[in-house]
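Trainee: I would like to go through the ligand site with you, and to ask at each step what a term rests on.

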Amino acid sequence: MTNTAKPAVTVLGLGAMGTALSEVLLAGGHPVTVWNRTAAKADALVEKGAARAASPAEAIAASRLVIVCLLDYPSVREVLDSTADGLRGRALVNLTNGTPGQAREFAHWAACQGADYLDGGIMAVPPMIGTPAAFVLYSGSREVFDSHRGALDSFGDSIYLGAAAGLAALHDIALLSGMYGMIMGTIHAFALTGSEGIPAAQFAPLLTRWLSGMSQWPAGAAAQIEAQDYASGVVSNLAMQAAGYGNLIRAAEEQGISAELLAPLEPLLRRRVADGHGHEDLIGMMELLKVENA
Ligand code: NDP
């Protein structure tokens, strides 16, 4: 007879995200042991079948696969430092947001405790966990990724980026950087239209339509970066865009809206044009961000 029992999983951290991760693991039939600093946050999961651990050490002892999803790296170290002995031989998957440097440093710490370490970056909000829209980036131990694929796949599409522990965080932070650029522009756009009393619900479909139309921009920019050619096939040259961008700043001033979310790009646009790149495409601005050119 084939043993179809799902492997046990421990989850440390039951904020909005740790709770969502635990819920899909439970729904998928995994025995789940949970621990959270504020114990009451485990109540609903316990009702659904999770085991409540009284301490991080007890939780870690319960499963070979230990998933950590806490606020930040300092909280991860605060929770795990006292239980370091118990990590030997464990597959430690850390889905806490952090920088590539923090991931590398923590991978070293985990290796010193004898744990196999996989770092992860969740590209989803809690209600998306377990749906096709979610994806999770991983880097570090390929062995952990392959051995625990079943559990990891319950969260969403699992994407392994390589053995270097910092890779998942690097990609995660890069994707969030793109997202916050869009969010900054969206906040400004609603403030600007709101200054004329235009209902947000009326403006939102136009903004969505425009941003969707622009969503292919990264693919074209990538081709130009790969070719190291910002000057071929340009349809919206930088000098034109620099002049137009000035209108964004002036319109904000006219409407009594602060331009502080938009302001940082303007001097960079002007500098790139002054440096003789006005005929090129916008992605060439990337050169200004390289420290040696700043
Ligand atoms: P929450 O604020 O909902 O939960 C934070 C968790 O961290 C709680 O379990 C909290 O415990 C715990 N915690 C904080 N400080 C400490 C500490 N010093 N010692 C022990 N436990 C501590 O955050 P989320 O669950 O939403 O986020 C968790 C991680 O997931 C973050 O790194 C976040 O960036 C990442 N993430 C979140 C997304 C989201 O949309 N929510 C999206 C993608 C990634 P307590 O309950 O006791 O306060």
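Mentor: We begin with the model itself and then turn to the ligand and its pocket. This is a predicted model, in which local features need pLDDT of at least 70 and side-chain atom pairs count only at pLDDT 80 or more, while totals for chains, interfaces and linings use all residues. Residues are numbered from 1 along each chain as its sequence is written, and side-chain values use heavy atoms, with hydrogens and water left out.

Trainee: What makes a residue one of the 21 that surround the ligand?

Mentor: A residue is near a molecule if one of its heavy atoms lies within 4 Å of it. By that rule 21 residues surround the ligand, and the closest are Met17, Asn36, Thr38, Lys41 and Asn97.

Trainee: Why is the approach of lysine 41 to the ligand called a polar contact?

Mentor: A polar contact is a pair of N or O atoms within 3.5 Å (within protein, one must be able to donate a hydrogen and the other to accept it, and residues adjacent in sequence count only if both atoms are side-chain atoms). A polar side-chain atom of lysine 41 lies 2.6 Å from an oxygen atom of the ligand, so the pair qualifies. The side chain of asparagine 36 has an N or O atom 2.7 Å from a ligand oxygen, so that pair qualifies as well.

Trainee: What makes glycine 15 a contact through its backbone?

Mentor: For glycine 15 the atom is a backbone N or O, 3.2 Å from an oxygen atom of the ligand, and therefore within the 3.5 Å limit.

Trainee: How are the residues of the shell around the ligand divided by class?

Mentor: The shell has 11 nonpolar, 7 polar and 3 charged residues, where Ala, Val, Leu, Ile, Met, Phe, Trp, Tyr, Cys and Pro count as nonpolar, Asp, Glu, Lys and Arg as charged, and the others, Gly among them, as polar. For the lining of the second largest pocket, the classes are 8 nonpolar, 7 polar and 3 charged.
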